[in-house]
Amino acid sequence: MMTVAVTATSSSLLCSLLPSQVTGPNRRMQWKLKEKRRFSRKVAVSGVITAGFELKPPPYPLDALEPHMSRETLDYHWGKHHKTYVENLNKQIVGTDLDGLSLEEVVLLSYNKGNMLPAFNNAAQAWNHEFFWESIKPGGGGKPAGELLRLVVRDFGSFEDFLEKFKSAAASQFGSGWTWLAYKANRLDVANAVNPLPKEEDKKLVIVKTPNAVNPLLWDYSPLLTIDTWEHAYYLDFENRRADYINTYMDKLVSWETVSTRLESAMARSTQREQEGTETEDEENPDDEEPEVYLDSDIVVSEVD
Amino acid sequence: MAIRSLASRKTLASLKETSSKFLGFRGIQTFTLPDLPYDYSALEPAISGEIMQIHHQKHHQAYVTNYNNALEQLDQAVNKGDASTVVKLQSAIKFNGGGHVNHSIFWKNLAPVNQGGGEPPKGALGGAIDAHFGSLEGLVKKMSAEGAALQGSGWVWLGLDKELKKLVVDTTANQDPLVTKGGSLVPLVGLDVWEHAYYLQYKNVRPEYLKNVWKVINWKYASEIYDTESK
């Protein structure tokens, strides 16, 4: 019974990823397809799309984050780590079913509902790092404004409370991983179930931490901000002092403008899906599964050094 | 330094007896950072003195400190009958306690070249490695490959399965000790593949670290554990 359900789900998911075959009710993936142009790719002379994700440079010179993040750190973190994820991903997926999809699609498909395919780690790390570089800027830090600030205050009490919770989550990651601020207005793709639209009170900002390459796209959350807590992100500048790295990152580097822009997109996406949802409500399924995430309430007492 | 080294060796030899002290009136054990049985720079050029010093004084010390803190909170929670907090503390105990256990083994897995580091195992362990992996080279290749492929932070182990009486190679995530992969597994050699174990020297090139670490592996220690545990 279970096997049948899973098979049906994955095949419909796969079908819905091909633009010419978008016919099903899977609006999440359809939405993702619209976002596809965000990701750069090489188109061969013949017009055939090949596995050619490009290493996108950070939107600032490599020494522009000094003294908070050194040129040397970016040389390695972007020029070696990020680059290797992209190159290895291209090698892994060339000629496979994943070839030609957007990076987001490769991440979601290769996650394979937790039974990860070999490409997942490289795909997700390529996505995470691109998102990471764009989360920061020279002269960043300070406070968010507008709608973002309003939601931060609503969902965390105050900006200071948010900062404390976010920093604490990042400091207490037991190993390599990422800490995120995300907008949660998700619906889950669960077969054989009614998947209701998120209620108004379900739509909120959340802090989540994810191990290794995992990111909140997998639960259909909209990531707004991330901090890389793999040791390679900070070891050359801060050695074991992860807490100093986190403070510097949040106080001097975060681009709240970018986070605000991402929030706008996330809310627009949520609104768009609601409008679509009222048209085909009957076809939807419920989610009776809890997403496997590490919410900020899981934060443990001790910091990790 | 010679005096310190001598004292360190003695301390490590009796690690099990001295690494914990009883706070008599409350009955809580606290753990202390074991000394290294060699100088920080003694493993160069395979592992730099800077790495060894930070790894030992900062990272291992933090695991010990946080382990003790978690155990103290556990003691309070148990005394109060606070079941929820007892459960909540388990992840911090596993992570920090695992970090202390793993690093305590790791320091003994290493030895300067002039103290036998890198000398191939002899005796029963050497024979068992040949039987299980073809040769020491075969084992080294297997462990290095698994270490390079490990996603994120973790450890690669050569272990002895006491029940099945055979050698196993396995990996654990983060600071999980080998025993989390099976109650009958005894660690003989553990390779730390957290980035903090090699980054200042090898940067993103983990395979190069995994190539060089074998030059300072203390097979004599692994053989002793093997002989004791396989009886």
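Mentor: Buried means under 20% relative accessible area, exposed means over 50%, and partly exposed lies in between. Keep in mind that this is a predicted model.

Trainee: Is Lys167(A) buried or exposed?
Mentor: The cut-off for buried is under 20%. Lys167(A) has a relative accessible area of 18%. Lys167(A) is therefore buried.

Trainee: Which residue does Lys167(A) meet in a salt bridge?
Mentor: The N to O distance in this pair is 3.4 Å. The pair links distant parts of the chain, 84 residues apart: Lys167(A) sits in helix α7 (residues 159-171), its partner in helix α9 (residues 242-253) of chain A. The partner counts as partly exposed, at 36% relative accessibility. The partner is Asp251(A).

Trainee: Which residue forms a salt bridge with Arg150(A)?
Mentor: Look within helix α6 of chain A, three residues away, about one turn of the helix. The closest N and O atoms are 2.9 Å apart. Arg150(A) is partly exposed at 45% relative accessibility, and its partner is partly exposed at 33%. That partner is Glu147(A).

Trainee: Why do the buried residues of α6(A) lie on the same side?
Mentor: The helix runs over residues 146-156, and the buried residues are Leu148(A), Leu151(A), Val152(A) and Phe156(A). They are placed on the same side of α6(A) because the arc they cover around the axis is only 105 degrees.

Trainee: Which residue follows α6(A)?
Mentor: The phi of this residue is positive, near 100 degrees. It is a glycine, Gly157(A).

Trainee: How far apart are Lys220(B) and Glu224(B) along helix α10?
Mentor: The two form a salt bridge, with the closest N and O atoms 3.6 Å apart. Lys220(B) is exposed, at 60%; Glu224(B) is partly exposed, at 41%. They are four residues apart in α10 (residues 219-229) of chain B, so the separation is about one helical turn.

Trainee: Which residues are linked with Lys56(A) in a network of salt bridges?
Mentor: The network holds one lysine and two glutamates of chain A. The glutamates are Glu130(A) and Glu134(A).

Trainee: What is the count of salt bridges between chain A and chain B?
Mentor: Over all chains, the structure holds 19 salt bridges. The two chains do touch, with 23 residues of chain A in contact with 25 residues of chain B. The area buried between them is about 2300 Å², and carbon and sulfur atoms give 56% of that area. Yet the count of salt bridges between them is zero.

Trainee: What share of chain B is buried?
Mentor: Chain B has ten helices and five strands. Of its contacts between residues at least 6 apart in sequence, 66% join residues at least 24 apart. The chain exposes about 10600 Å². Across its 231 residues, the buried share is 52%.

Trainee: Is Pro61(A) buried or exposed?
Mentor: Pro61(A) belongs to the loop between β2 (49-53) and α3 (71-93) of chain A. From Pro61(A) to Arg71(A), ten residues on, the C-alpha distance is 8.9 Å. The relative accessible area of Pro61(A) is 52%, so Pro61(A) is exposed.

Trainee: Which residues of chain A does UniProt list for the "Manganese/iron superoxide dismutase N-terminal" domain?
Mentor: The record is an unreviewed entry. The span is 56% helix and 1% strand, and its end C-alpha atoms lie 22 Å apart. UniProt lists residues 53-136.

Conventions
Residues numbered from 1 in each chain as written. Chains lettered and ligands numbered in written order. Predicted model: local features only at pLDDT ≥ 70, side-chain atom pairs only at ≥ 80, totals over all residues. Heavy atoms only, no water. UniProt positions renumbered as here; feature names shortened; annotations may be inferred. Helix = DSSP H or I, 4+ residues; strand = E, 2+ residues; numbered from the N terminus. Buried < 20%, exposed > 50% of the residue type's maximum accessible area, 1.4 Å probe, protein only. Arc of directions from axis to C-beta. Contact = heavy atoms within 4.5 Å. Areas by Shrake-Rupley, 256 points an atom, 1.4 Å probe, with all protein chains shown as cover. Buried area = accessible area lost by both parts, 1.4 Å probe. Salt bridge = Lys/Arg side-chain N within 4 Å of Asp/Glu carboxyl O.
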